[in-house]
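Here is a friendly walk through one protein chain, taken a piece at a time. Please keep the sequence and the 3D view open as you read.

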Amino acid sequence: MSSNITIPKICLQCNKGFIAKTTVTKFCSHKCASKAYKLNKKNEKVEKAQVQEYQKSVGIDMQLIQSKDYLSIKETCLLLGISRMSLYRYIKNKTIKPSKLGGKVIIKKQVLNNLIK
């Protein structure tokens, strides 16, 4: 069962025009498809390395933070992606209600989830 359709398209890799015989074709040749695949794999590796480097520089594993019920100030800042001063401003404005355990300030994760909703 042969298809007789011809669809003019532009290659996503080299930006040259070509005639596609299917509606899902994205590249003009096997060479362009291979280049795009390699570039995609390279970008995935770079992104993975950046995440690992960030976790090393921060010194805290994000999965560990997300599994906890109570968070420290530093962990809360990392989770929300805000600075320490911004977090203290939210606490002062009573947007976030902290708890104290001895002399340590901790924040219940449910408070953050309610804030986001």
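Strand β2 shows two faces: Phe18 and Ala20 lie on the covered one, while Gly17 and Ile19 lie on the uncovered one. In a regular strand, side chains alternate between the two faces of the sheet. Please bear in mind throughout that this is a predicted model.

The partner of β2 (residues 17-20) is strand β1 (residues 7-10); the two run antiparallel and are joined by four bridges. Together β1 and β2 make a hairpin with six residues between them. In the turn, asparagine 15 has a positive phi of about 65 degrees. Across the pair, lysine 9 stands opposite phenylalanine 18, and proline 8 stands opposite isoleucine 19.

Proline 8 is worth a pause. This residue lies in strand β1 and, at 67% relative accessibility, counts as exposed, because the cut-off for exposed is over 50%. Beyond its neighbours within four places in sequence, proline 8 is in contact with Phe18 and Ile19. From proline 8 to phenylalanine 18 the C-alpha to C-alpha distance is 5.8 Å, with ten residues of separation in sequence.

Leucine 12 sits in the loop between β1 and β2. Is leucine 12 buried or exposed? With a relative accessibility of 58%, leucine 12 counts as exposed. Leaving out residues up to four places away in sequence, leucine 12 touches Lys26 and Phe27. The C-alpha atom of leucine 12 is 9.9 Å from that of threonine 25, which is 13 residues away along the chain.

Further along, serine 34 belongs to helix α1 (residues 30-58). Serine 34 is partly exposed, with a relative accessible area of 26%. Looking back towards the hairpin, serine 34 and alanine 20 are 17 Å apart, C-alpha to C-alpha, and 14 residues apart in sequence.

Serine 72 lies in the loop between β3 and α3. Its relative accessibility is 16%, so serine 72 counts as buried, the cut-off being under 20%. Outside its neighbours within four places in sequence, serine 72 is in contact with Lys104 and Val105.

Here are the four residues side by side:

| Residue | Relative accessibility | Class |
|---|---|---|
| Proline 8 | 67% | exposed |
| Leucine 12 | 58% | exposed |
| Serine 34 | 26% | partly exposed |
| Serine 72 | 16% | buried |

Next comes a second set of strands. An open sheet of three strands has the order β3-β5-β4, and its pairing is antiparallel. Its edge strands are β3 (70-71) and β4 (99-101), each of which pairs on one side only. Strand β5 (residues 104-108) and β4 pair in the antiparallel sense over three bridges. Which residue in β5 is the bridge partner of leucine 101? That partner is lysine 104. Helix α5 (residues 109-116) lies across β3 and β5, and runs at about 50 degrees to β5.

Now for the helices. How do α3 and α4 pack, and at what angle? Helix α3 (residues 73-80) and helix α4 (residues 84-92) pack at an angle of about 100 degrees, and their axes are 9 Å apart. An angle from 65 to 115 degrees counts as roughly perpendicular, so that term describes α3 and α4. On the α3 side the meeting residues are Ile73, Lys74, Thr76 and Cys77, and on the α4 side they are Arg84, Leu87, Tyr88 and Ile91. By class, this contact has five nonpolar, one polar and two charged residues.

Within α3, the buried residues are Ile73, Glu75, Thr76, Cys77 and Leu78. After α3 comes glycine 81, with a positive phi near 75 degrees.

Finally, the core. In soluble globular proteins, nonpolar side chains tend to be buried together. The largest nonpolar core here has eleven residues: Met62, Ile65, Leu71, Ile73, Cys77, Leu78, Leu87, Ile91, Ile96, Ile107 and Leu112. The elements giving two or more residues to this core are α2 (62-67), α3 and α4. The largest share, three residues, comes from α3.

Definitions and conventions: Residues numbered from 1 in each chain as written. Predicted model: local features only at pLDDT ≥ 70, side-chain atom pairs only at ≥ 80, totals over all residues. Heavy atoms only, no water. Axes fitted to C-alpha atoms, helices over the stretch in contact; angles between N-to-C directions. Parallel < 35°, antiparallel > 145°, perpendicular 65-115°, else oblique. Contact = heavy atoms within 4.5 Å. Nonpolar A, V, L, I, M, F, W, Y, C, P; charged D, E, K, R; others polar. Core = buried A, V, L, I, M, F, W, Y, C linked by side-chain atoms within 4.5 Å. Buried < 20%, exposed > 50% of the residue type's maximum accessible area, 1.4 Å probe, protein only. Pairing = 2+ DSSP bridges.
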